[in-house]
Amino acid sequence: MAFVWSFGIKFNGIEDAEKVKSQIDNIILSDGTEIGIYKHITYENGNLNLTECTLELILHNMQVSGNQKLLSFPYFYEIRDFFYQFLRNLDIDFCEALFEFEGSDRIAHENLIEYINQYGIGEIVNSDNFADLKVSSTIYQSKRILDGLVLSKENFEKLKNEYSEYFEPFKNGYYWLAIKNSR
């Protein structure tokens, strides 16, 4: 098992997930490096009868033990910005999306609305939380745990008011927990 930074987008149907899967290509970084993307559609607990499915996008060498270049400035931010710009331009409806450490797994297998409503908007203040993963403290920046979470209006409205105030408009019909350093 590898620990990876990944991007997950949850949809209400396989057709939409398949369309989006075909629209995403490799990422070209500012230095010309091409990063391949492993694309996979999953269902909650492997249940093919469910309508919700998640498109999981995992970049080659984005695992903790992989190419540390991709986890450093400016490349990590170029990758992250690529995914969020892709979402802004996407004309297919989705439920939620997240680029984060194990982000596609969180989107696919956790109810993040319930998580937020129960535990709030948490924060990781130092790299000690990832010490066992050997994440360099020079790479890690303190932040809120779910920074970058994008919710459809329908899912956003399920948040308790005390947590919805953290979210900002992302694009028409969507809100996000804007990415900010916590310090």
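Confidence in this predicted model averages a pLDDT of 83 over the chain. A score of at least 70 is reached by 78% of the residues. Residues 129-142 fall below 50. Even so, this stretch has 25 contacts in the model beyond its near neighbours in sequence. Where pLDDT is low, the predicted coordinates should not be read in detail.

The chain has 183 residues, and buried residues make up 49% of them. Its secondary structure comes to 6 helices and 11 strands. Contacts between residues at least 6 apart in sequence were also examined. Of these, 66% join residues at least 24 apart. The accessible surface comes to about 9600 Å². Carbon and sulfur atoms account for 47% of that surface.

Aromatic residues recur throughout the model. The structure holds 15 aromatic pairs. One of them is formed by Trp 5 and Phe 76. Their ring centres lie 6.4 Å apart, and the angle between the planes is 90 degrees. The pair is therefore edge-to-face, since an angle over 60 degrees counts as such. Trp 5 belongs to strand S1, residues 4-11. Phe 76 belongs to helix H2, residues 75-89. The two are 71 residues apart, and the pair links distant parts of the chain. Trp 5 has a relative accessible area of 9%, so it counts as buried, the limit being under 20%. Phe 76, at 16%, is buried for the same reason.

Both residues also belong to one aromatic cluster. Its other members are Phe 7, Phe 73, Tyr 77, Phe 82, Phe 83, Tyr 84, Phe 99, Phe 170 and Trp 176. An arginine accompanies one member of this cluster: Arg 88 lies over the face of Trp 176. The distance from Arg 88 to the ring centre is 5.2 Å. A further arginine, Arg 106, is placed over the face of Tyr 115. Here the distance to the ring centre is 5.1 Å.

Helix H2 was then considered by itself. It has 15 residues, which at 1.5 Å a residue should span 21 Å. Its end C-alpha atoms are 21 Å apart, so the model agrees with the expected span. The buried residues of H2 are Tyr 75, Phe 76, Ile 79, Arg 80, Phe 83, Tyr 84, Phe 86 and Leu 87. Arg 80 is thus listed among the buried residues of the helix.

The loop between strand S5 (53-63) and H2 contains Pro 74. A cis peptide bond joins Phe 73 and Pro 74, with omega about 0 degrees. Lys 69 lies in the loop between S5 and H2 as well. Its relative accessible area is 26%, so Lys 69 is partly exposed. Residues up to four places away in sequence aside, Lys 69 touches Asp 31, Thr 33 and Tyr 75. Tyr 75 is one of the buried residues of H2.

Ser 152 offers another local view. This serine is found in strand S9, residues 150-152. Ser 152 is buried, with a relative accessible area of 11%. Neighbours within four places in sequence aside, Ser 152 is in contact with Phe 94, Cys 95, Gly 173 and Tyr 174. Ser 152 and Asn 172 are 20 residues apart in sequence. In space, their C-alpha atoms are 9.3 Å apart.

Key. Residues are numbered from 1 along each chain as its sequence is written. This is a predicted model: local features need pLDDT of at least 70, side-chain atom pairs count only at pLDDT 80 or more; totals for chains, interfaces and linings use all residues. Side-chain values use heavy atoms; hydrogens and water are left out. pLDDT is the predictor's confidence in each residue, from 0 to 100. Contact means heavy atoms within 4.5 Å. Rings of Phe, Tyr and Trp (its six-membered ring) pair if their centres lie within 6.5 Å; planes under 30 degrees apart count as stacked, over 60 as edge-to-face and the rest as tilted. Helices (H or I, at least four residues) and strands (E, at least two) are DSSP runs, numbered from the N terminus. Buried means under 20% relative accessible area, exposed over 50%, partly exposed in between (1.4 Å probe, protein chains only). A charge sits over a ring if NZ of Lys or CZ of Arg is within 6 Å of the ring centre and within 35 degrees of the ring normal. The expected span of a helix is 1.5 Å times one less than its number of residues. Accessible areas come from the Shrake-Rupley method with a 1.4 Å probe; for residues, only the protein chains shown count as cover.
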